[in-house]
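Please study the sequence and the three-dimensional structure shown here before attempting the exercises.

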Amino acid sequence: MKTDSQLKQDVTNELKWEPSVNETHIGVSVKNGIVTLSGHVPTYGEKYGAEKAAKRVAGVKAVADELDVKLASSATRTDEDIAAACLAALKAHSSVPDEKIKLVVNSGWITLEGLVDWQYQKTAAESAIRYLNGVLGITNSIKLVPRATIADVKDKIEAAFKRSARIDAAGIVVEVHDGKVTLRGKVHSLTEKTDAQYAAWSAPGVFVVENDLVVTA
């Protein structure tokens, strides 16, 4: 098992490796496997990239993202301008049913609302606006109205795990009940845990995923 000091060094190195992040203004601290990121970043996209990089490191049990987004003066925009840019980005994204999504912008913070059929559509909507100028944060309140549940959803999820090069299917137990999927077992990183959750969401008929996977070093 890695020590906290080893994890701190690994996370710092991963931040340096991540091209969307300038690690020089990000502080890293680790306690009992929990990583805290602190400091100021100029865009919400960089904040997201830093959190994602930290989660990739094996042995990290959780990430507390305390990074603040402080826009450069040249990047500030009115909420009206941000809303217009978001609507255009949602409309341009092929995976987003933009007619089903509404958004609210309040001082640069965006709240997404609406109903979609698939988890990937909810994820795509957030991805479409994440790197727009002026965005300080996103609350994704889009809800799912899933398609009919199929009897072999458990088999489909387990098959997806086995196909993935980044998921150790042998360490994961899948439980399914009325469209709710529960994942149990052990994985080697937060990224593997997240990948397993995304794979479960991709199965038709799934409307809740409870991710109880434990990250081990």
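The exercises below each give a task and a worked solution.

The model is a predicted one, in which local features need pLDDT of at least 70 and side-chain atom pairs count only at pLDDT 80 or more, while totals for chains, interfaces and linings use all residues. Residues are numbered from 1 along each chain as its sequence is written, and side-chain values use heavy atoms, with hydrogens and water left out.

**Exercise 1. Helix α6**

Task: Determine what span is expected for helix α6 and how many of its residues are buried.

Solution. Step 1: Helices (H or I, at least four residues) and strands (E, at least two) are DSSP runs, numbered from the N terminus. Helix α6 covers residues 190–201, which makes twelve residues.

Step 2: The expected span of a helix is 1.5 Å times one less than its number of residues. For α6 this rule gives 16 Å, and the distance of 17 Å between its end C-alpha atoms agrees.

Step 3: A residue is buried under 20% relative accessible area, exposed over 50%, and partly exposed in between (1.4 Å probe, protein chains only). Nine of the twelve residues in α6 are buried, so the helix is mostly covered. Among them are Leu190, Asp195, Ala199 and Trp201.

**Exercise 2. The packing of α5 and α6**

Task: State at what angle the axes of α5 and α6 cross, and which residues meet.

Solution. Step 1: Axes are lines fitted to C-alpha atoms, for helices over the stretch in contact, and angles run from 0 to 180 degrees between N-to-C directions. The axes of α5 (residues 153–163) and α6 come within 9 Å and cross at roughly 140 degrees.

Step 2: Angles under 35 degrees count as roughly parallel, over 145 as roughly antiparallel, 65 to 115 as roughly perpendicular and the rest as oblique. Helix α5 is therefore oblique to α6.

Step 3: Contact means heavy atoms within 4.5 Å. Ile157, Ala160 and Phe161 of α5 meet Ala196, Ala199 and Ala200 of α6.

**Exercise 3. Salt bridges**

Task: Identify which parts of the chain are joined by the salt bridges Glu18–Arg56 and Lys47–Asp65.

Solution. Step 1: A salt bridge is a side-chain nitrogen of Lys or Arg within 4 Å of a carboxyl oxygen of Asp or Glu. The structure holds ten of them.

Step 2: Glu18 and Arg56 form one such bridge, with 3.1 Å from N to O. Glu18 is in the loop between α1 (4–17) and β1 (26–31), whereas Arg56 is in helix α2 (residues 44–56), so this pair ties together parts 38 residues apart in sequence. Glu18 counts as buried at 15% relative accessibility, and Arg56 as partly exposed at 28%.

Step 3: Lys47 and Asp65 form another bridge, at 3.3 Å from N to O. This pair links helix α2, which holds Lys47, with strand β3 (residues 62–69), which holds Asp65, and the two residues are 18 residues apart. Lys47 is buried at 16%, while Asp65 is partly exposed at 21%.

**Exercise 4. Ile82 and its surroundings**

Task: Decide whether Ile82 is buried or exposed, and name residues that Ile82 touches.

Solution. Step 1: Ile82 lies in helix α3 (residues 79–92). Its relative accessibility is 1%, so Ile82 counts as buried.

Step 2: Not counting residues up to four places away in sequence, Ile82 touches several residues, including Val105, Ile110 and Val135.

Step 3: Ile82 and Leu132 are 50 residues apart along the chain, and their C-alpha atoms are separated by 7.9 Å.
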